[in-house]
Each structure stands twice: as structure tokens, then as C-alpha cells.
Amino acid sequence: MARDTVETHFTQTVATLKAGQPRDPGLPVRDGSTLTGAGARSLYQHQLGSRLLDIAARWLREQDEGFYTIGSAGHEGNAVVAAVTRTTDPALLHYRSGAFYLTRSTMAGRLADQGLRDVLLGLSASVEEPIAGGRHKVFGHPDLAVIPQTSTIASHLPRAVGVAFAIERARALGVPGAWPDDAIAICSFGDASTNHASALSGFNTASYATYQGQALPILFVCEDNGLGISVKTPKGWVAAAAQRPGIEYFAADGCDLAEAYDVAARAAEHVRTTRSPAFLHLSTVRLMGHAGSDVEAAYRTQREIRADLERDPLLRTARLLVEAGQVTPEQLLKSYESERELVLRMARETTRSPRLTSREEVVEPLAPRRADLIAKISPVAAEPSAREKAFAGTLPENEKSMTLSQAINRTLADTLAVYPEMMVFGEDVAKKGGVYGVTRGLQKRFGGGRVFDTLLDEQAVLGLALGSGVSNLLPVPEIQYLAYLHNALDQIRGEAATLSFFSKSAFRNPLVVRVAGYAYQKGFGGHFHNDNAVAALRDIPGLVIASPSRPDDAAAMLRTCLAAARTAGSVCVFLEPIALYHTRDLFDEGDGGWLAPYAPPSRWAETHVPIGRARSYGDGRDLAIVTFGNGLRMSLRAAVRLTQEGYSCRVLDLRWLSPLPIDDLMRAAELTGKVLIADETRRSGGVSEGIVAEMLDAGFTGQIARVTSSDSFIPLGAAANHVLLSEDEIEQAARKLLA
């Protein structure tokens with residue numbers, strides 16, 4: 001359906017409308033409705049503005065000055081959702097939310113053309129666009145509580161549920177949140193998106209929480225135009241699929257402004273007063289195709305296209321106003337032309353606004369960390385009395401030397417004592433204390449509001465974390481095993497890592513995801529409990545990946561990650577080697593070589609581990625063994641044997657897999673001239689590939705070799721030894737380089 005068809009049909013039909021008996025603008029625009037004539041006229045202006053933005057988007061594309069043509073035409077009824085909610089209610093919006101955005105913009109006291117200009121600047125990829133700065137066309141603004149979403153497949157629903165959760169949890173914890181105590185979360189999406197796994201996760205989490213009596217104030221808004229690009233949604237499917245325990249269902253014709261307003265008002269009031277979810281089902285149409293390049297005639301009949309045209313919400317609002325005597329057809333046509341001229345003039349002006357001109361400009365919001373600020377915050381400890389209470393009188397620095405698991409546990413307790421907004425949660429982390437006991441005792445000390453179990457759904461776990469982070473809380477979710485993270489990776493890749501980028505850091509989601517990972521478990525094998533694949537994490541821009549091996553490093557690095565999250569909104573993944581959790585010895589049984597004392601707060605500054613800094617063992621000049629994770633213990637054992645034979649070796653523990661510690665790596669490489677990379681991940685796509693590439697890019701001309709695990713999943717029992725990197729392989733490869 002071409003834009004001129006939509007415009008022509010609108011203007012020709014409006015010209016034939018017959019004016020009704022004038023009504024007082026302060027009275028309902030239609031009998032039985034709560035929407036006044038004045039309110040309807042105001043909403044019509046926002047609907048019209050949204051429609052003309054779609055016209056301008058197509059015009060800009062024709063001039064090769066616009067870069068986004070997915071529009072809101074046919075969905076202008078979502079203006080009512082903005083009208084019946086508050087400007088302080090956090091909103092995570094569908095990409096067809098032009099009318100909602102314009103309505104909220106003026107409700108917040110901004111000039112009418114400011115919202116229009118925001119969208120036009122986004123269409124033309126201008127750096128002056130107020131949220132993404134030319135990086136994407138999104139609906140978002142920090143002053144409007146509109147959190148930008150780039151999702152087209154409902155991956156924002158788990159986060160939206162997390163926002164609703166955080167509204168209530170911040171109040172319960174007595175910490176300042178980002179939203180008012182009585183706010184509700186708003187989350188809109190299309191009908192096809194209701195089928196996506198992330199949407200189902202969001203609905204299920206909301207239902208699960210409400211079923212247990214937990215407050216979760218979220219308004220789900222499904223804008224149902226009956227199509228997922230070209231695939232039809234079965235009639236009645238959305239209504240049937242929306243029926244879930246604890247989620248109240250509301251339905252309205254989204255093309256009928258008065259009806260949609262009344263039903264949306266009831267839905268929003270239900271959520272706000274009961275603090276429980278509602279599903280608002282708005283029946284809409286899609287005009288002008290999915291996007292500018294979409295030829296609807298290839299998959300829709302002319303009869304279907306014409307039927308949608310007759311339900312045009314802008315036209316139906318115009319008819320409502322004329323029949324209520326609020327405006328004449330002539331006035332509508334005149335305002336249409338004048339507004340059209342204004343929007344197109346503004347569109348032309350945006351083409352002259354600056355755009356991103358360098359790589360540095362583009363990536364600037366990705367990782368805006370300040371190392372000095374992190375170093376200042378990381379060593380901060382709770383008051384002595386608070387620490388005494390947290391540790392029941394036995395401070396960890398007064399305990400015996402610790403295992404990796406114990407050091408992480410004590411650090412979580414110390415940081416929970418420092419940050420009242422911090423929460424630790426995941427599957428089995430509360431009463432059980434985690435599968436490996438890492439979180440044991442934390443719920444008893446800090447309460448169920450801060451340390452709690454979640455449902456068994458990694459998307460839900462991360463969604464709760466993302467919503468909490470953007471709401472000023474400090475979430476530390478646990479993913480039980482690395483293999484389970486892949487079930488929900490888009491929550492990190494597509495949601496967490498993009499938010500700062502697409503909002504110029506106006507919105508942040510501080511996050512430290514603890515993940516039990518890697519292989520070499522004794523007596524508990526198989527792929528899902530011994531996964532060694534990290535490639536899908538390492539290519540996510542801006543993501544921090546910590547991989548501590550030793551107890552003392554784990555404590556310092558966890559404090560660093562939390563400080564980075566809190567000060568810069570960093571998204572961090574904290575990979576914990578399962579096989580090293582309870583390891584005590586390094587060389588011989590009983591030597592305690594893998595234990596370490598817990599540093600007292602007075603030493604936290606000197607033991608601070610900056611992001612991207614490695615740790616070196618030994619000062620050998622013949623060979624540098626570069627490794628991480630389980631590879632550190634194996635490499636140290638191999639290096640000692642080689643040293644006893646007269647070779648001079650050093651071992652470099654990377655500690656950080658992203659960003660890699662390039663400076664420390666190159667220093668070790670240049671000192672020895674020979675580098676062996678001991679990489680427990682897979683040969684293809686593993687960490688060693690990135691290390692080799694970085695060294696070559698930096699101009700290293702010495703010898704490089706690598707030993708890795710095989711390109712295989714991890715089998716049960718002793719068969720795993722055939723595909724995992726071994727200590728013997730490290731030693732033999734080292735001897736070959738030293739020969």
C-alpha cells in the first residue's frame with residue numbers, strides 16, 4: 001500500500017464527512033466514553049504527527065537522506081496508552097510507537113515539534129538525535145522514561161518484567177530506585193512477537209510471580225495488526241494466548257480512539273492499584289506495508305488491503321471529531337496540509353544536521369569506563385560494625401586461607417554489605433547456596449529480598465537483572481552453568497550490551513553475571529556441566545569477561561567488576577572455573593598451594609586488579625606460557641618441571657578474556673621471544689585465536705604455538721580427557737618450542 005494511496009483515501013474521505021451537533025469540548029466525545037472532546041482533539045494531533053512522520057520517512061529514503069522506514073501507520077491508537085499513563089512510568093516500546101512517543105513528549109511539557117524533531121533526527125541518523133545520536137532509529141528519551149529498544153522480536157519483554165519487579169523491590173529494600181514507588185512498567189509489542197521465546201518468558205515470569213502473591217506492576221500492550229511481516233496471525237490466537245494465571249486481559253479496537261482510551265484507562269488503573277500485570281490487546285491495522293521496501297501485493301489480496309484502509313485509525317478519529325462537532329472537515333484538511341508542510345520542512349532541515357564521522361564517535365558509548373574511578377570505588381568496604389554483623393563476628397581476613405569458592409562467597413558478602421542496592425539471585429542460590437555452595441549462607445545474612453531463588457529460565461534470570469540494573473539496582477545474577485547461558489545469550493548480546501550504545505549512556509544496565517563454567521569436573525561430567533565455549537561472549541562489543549583462577553584474584557576481580565558496573569554501567573560476565581572451586585593443592589596433596597588468604601579492606605587498594613591487566617608468575621626469559629582458567633594450574637605445574645630441568649619459564653595468567661591484557665601479553669612475549677598459548681577452550685573460535693591475532697597485529701615476530709581443547713562437546717567420564725587440553729600436552733608443546 002503506497003503512501004499516496006493512504007493519503008488520498010484520508011483526504012477524500014474526510015472531505016465527505018458530515019458535521020454533527022457541536023458538543024462541549026469538556027464533555028465526552030461520545031456517549032458512554034470518558035474521553036473528552038478536547039482530549040480527543042489533542043490525541044488526534046499526535047496521531048496525525050505520527051502519520052506524517054511515516055510520510056516523511058519515505059520521502060527521506062527517496063532522497064537517500066533517511067535510513068529507516070518501518071512506520072507506525074495503522075498503530076496510531078497507541079497514543080491512548082501514553083495518555084492514560086504517567087510520564088514517569090517506564091516504557092519499553094514497540095517500534096510502531098510514534099503516536100505514544102509524541103503524546104508522552106507533550107505530556108512532559110515539551111513543545112509539540114520537539115517530539116517530531118526527535119524522530120526525524122533519528123530517521124536521518126543525526127548525531128543531534130537525543131537518544132541514540134545517529135546510531136539507530138529508536139524511541140527513547142531519559143526525560144520521558146522511555147527506555148530505547150532495538151528489538152523487533154520481543155526480546156525486551158524479560159527486561160520489562162525486570163523493571164516492574166525492580167519498582168517494587170527498590171521500595172521494599174528502602175533504596176532509591178529510578179521510578180516512583182507507584183509507577184507501572186509499560187511494554188508494547190506486535191502480535192507476531194507473542195510467539196517468540198523471549199515473550200513467552202516474560203509472560204510466564206509475570207504470571208509465575210503473581211501466582212505466588214508477588215507484586216509485579218506491568219502493562220503488556222499487544223498491538224495486533226494480524227501480520228508478522230507477511231505471515232498472518234490466526235484469528236483469535238492472541239486473545240487465546242493471552243489467558244494466563246494472574247494476568248488480567250483487556251481488549252479494545254485500537255482503531256477506535258474512544259473505545260481504546262476507555263479500555264486502556266481501565267487496564268492501566270488495574271495495574272497501578274492492584275500492582276499486578278495486565279494484558280491490553282489492541283486490534284490495529286498496518287498501513288503502507290511492513291517497511292518502505294515491502295510490496296504487500298505479493299502476499300495480500302486487494303480486498304485485505306482495502307479493508308485495513310477502511311479501518312485507518314487516523315481517519316476514524318477524524319470521523320469521531322467531526323460527528324461530535326469538535327471540528328469541521330475543512331478544518332481537518334487544512335490542518336493536515338499545514339502540518340504536512342511543517343513536518344516535511346523539518347525533515348529537510350534534519351538532512352543538514354551532522355552525522356557520525358569517525359569510528360571513535362560511533363564506539364564512544366560502548367565502554368565509558370574510568371579506570372581511576374573504578375580503582376577508587378573498588379576498595380571501598382562497609383563500616384566495621386556492618387562487616388562484623390555481615391560475618392557474624394568472624395571476619396574473613398581472620399579465617400584460614402581460602403578456596404576459590406570461599407573467596408567468592410566472602411566477597412559477595414562484603415559487597416552486599418557495601419551496596420544496599422545489590423542483589424544476588426538465580427537458580428538454587430538462596431537456601432541451597434548454589435550447586436557448589438558458592439552463595440551458601442548469604443540469604444540468611446542479608447534476607448530474601450536481596451538473595452533469592454528464581455524460576456528455572458535463564459532468559460527470566462537475565463531479564464530480571466536487566467530491568468533491575470536500568471532501575472538503579474545492582475544485580476548479580478547467577479547462571480548455573482556456562483552451557484545454560486546460551487539459552488538466553490541475546491539478553492546479553494541484544495539487550496544488555498546495546499543499551500548504553502543506543503542511548504549514549506543515558507540509560508545503563510549495570511550487571512555482573514556470575515557463570516560457573518569450563519570443564520575438568522571430577523565425577524560430574526557431560527557437556528552441559530563442562531562447557532568450554534566462550535566465543536559467543538568474546539565478540540560482544542563492550543562486554544567485560546573476567547576469568548579468575550585463584551582465590552585472591554577472584555576476590556579482587558569481583559570487586560572490580562562490581563565497581564565498574566556501579567560507576568559506569570558496565571556489563572560483566574564473571575566466569576568461575578568449576579573444577580577449581582574447591583581445589584586446595586597445586587603440586588602435591590596437602591601443599592595448600594591453591595589456597596589464598598582473604599585480604600583485609602586495608603589492603604584492597606594495593607590488591608586492586610584493573611580490567612585488562614594480567615598476572616605474571618616467574619621471571620623466565622626462555623618461554624612465556626600464556627593461559628587462563630584451569631590452564632593456569634596446569635601451566636604452573638608444567639613450568640616448574642621445565643624449570644627444574646634448567647629452562648627459564650614464566651606463566652602469564654590473562655585473567656580477563658575481554659578486553660584482553662594486550663600490554664602485559666606483549667611485554668611477556670618480547671621478554672621471551674617464544675610464546676605458548678595454553679587454551680582450554682576449543683581450537684576453532686577459542687580464546688587462543690584472538691591472542692594470536694592480537695600478537696601479530698602488534699608486530700610480534702617471535703615464535704608462537706598453541707595447544708587447545710578439541711573442537712568437540714565434552715563426553716562423560718574419562719572420555720573427556722581425549723578432547724580436553726591436558727597438562728602433558730602443555731609440557732610437550734613447551735619442550736618443542738624450547739628445543
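**Figure 1. Strand β11 meets strand β12 in this predicted model.** Strand β12 covers residues 511–517. Two bridges join β11 to β12. The two strands run parallel. One facing pair is E478 and R514, with R514 in β12.

**Figure 2. On another side of the pairing, β11 is joined to strand β9.** Strand β9 spans residues 422–426. Five bridges link β9 and β11, and these strands also run parallel. M422 stands opposite L474 of β11.

**Figure 3. Strand β11 is a buried strand.** Its residues are 474–479. How many of them are buried? Six of the six are. The strand is therefore largely enclosed by the rest of the structure. The cut-off for buried is under 20% relative accessible area. In a regular strand the side chains alternate between the two faces of the sheet. In β11, L474, V476 and E478 point one way. P475, P477 and I479 point the other way. Both sets are buried, including E478.

**Figure 4. Seven strands make an open sheet with mixed pairing.** The order is β10-β9-β11-β12-β14-β13-β18. The edge strands are β10 (451–453) and β18 (656–658). Each of these two pairs on one side only. From one strand to the next, the twist averages 20 degrees. Within this order, β11 sits between β9 and β12.

**Figure 5. R508 lies in a loop leading to β12.** The loop runs between α20 (490–499) and β12. Is R508 buried, partly exposed or exposed? Its relative accessible area is 31%, so R508 counts as partly exposed. Which residues does R508 touch, leaving aside its neighbours within four places in sequence? The contacts are G469, V470, L499, R566, T567, A568 and G569. G569 is 61 residues away from R508 along the chain. Even so, the C-alpha atoms of R508 and G569 are separated by 5.1 Å.

**Figure 6. The largest cavity has G569 among the residues closest to its centre.** Rolling a probe the size of a water molecule over the atoms shows where empty space is left. The count comes to six cavities of 30 Å³ or more. The largest cavity has a volume of about 130 Å³. It is lined by 16 residues. The closest to its centre are L366, S500, G569, S570 and V571. By class, the lining divides into nine nonpolar, five polar and two charged residues. G569 is also a contact of R508, shown in the previous view.

**Figure 7. The second largest cavity draws on helices α2 and α5.** About 90 Å³ of space lies in this cavity. Of its 15 lining residues, D54, I70, G71, V119 and K137 are the closest to the centre. The elements giving two or more residues to the lining are α2 (37–62) and α5 (112–123). Which element gives the most? It is α2, with five residues. The lining holds seven nonpolar, five polar and three charged residues.

**Figure 8. The largest pocket has a volume of about 650 Å³.** It is lined by 28 residues. Closest to its centre are Y520, Q521, K522, A579 and N630. Which helix supplies the largest share of the lining? Helix α23 (residues 630–644) does, with four residues. N630 belongs to the stretch covered by α23. The lining has 14 nonpolar, ten polar and four charged residues.

**Figure 9. The second largest pocket has a volume of about 540 Å³.** Of the 25 residues that line it, the closest to its centre are D224, N225, G226, T233 and K235. Four elements each supply at least two lining residues: α8 (237–241), β7 (248–253), β8 (278–283) and α10 (302–310). Strand β7 gives the most, with four residues. The classes here are ten nonpolar, seven polar and eight charged. D224 and K235 are among the residues closest to the centre of this pocket.

Key:
Residues are numbered from 1 along each chain as its sequence is written. This is a predicted model: local features need pLDDT of at least 70, side-chain atom pairs count only at pLDDT 80 or more; totals for chains, interfaces and linings use all residues. Side-chain values use heavy atoms; hydrogens and water are left out. Buried means under 20% relative accessible area, exposed over 50%, partly exposed in between (1.4 Å probe, protein chains only). Two strands pair if DSSP finds at least two bridges between them. Axes are lines fitted to C-alpha atoms, for helices over the stretch in contact, and angles run from 0 to 180 degrees between N-to-C directions. On a 1 Å grid over the protein atoms alone, a cavity is a set of points where a 1.4 Å probe fits but cannot get out, and a pocket is an open set with protein on both sides within 12 Å along at least five of seven lines; lining residues have an atom within 4 Å of a point. Grid points are joined across faces, edges and corners, and a volume is the space filled by probe spheres set on the points. Ala, Val, Leu, Ile, Met, Phe, Trp, Tyr, Cys and Pro count as nonpolar, Asp, Glu, Lys and Arg as charged, and the others, Gly among them, as polar. Contact means heavy atoms within 4.5 Å.
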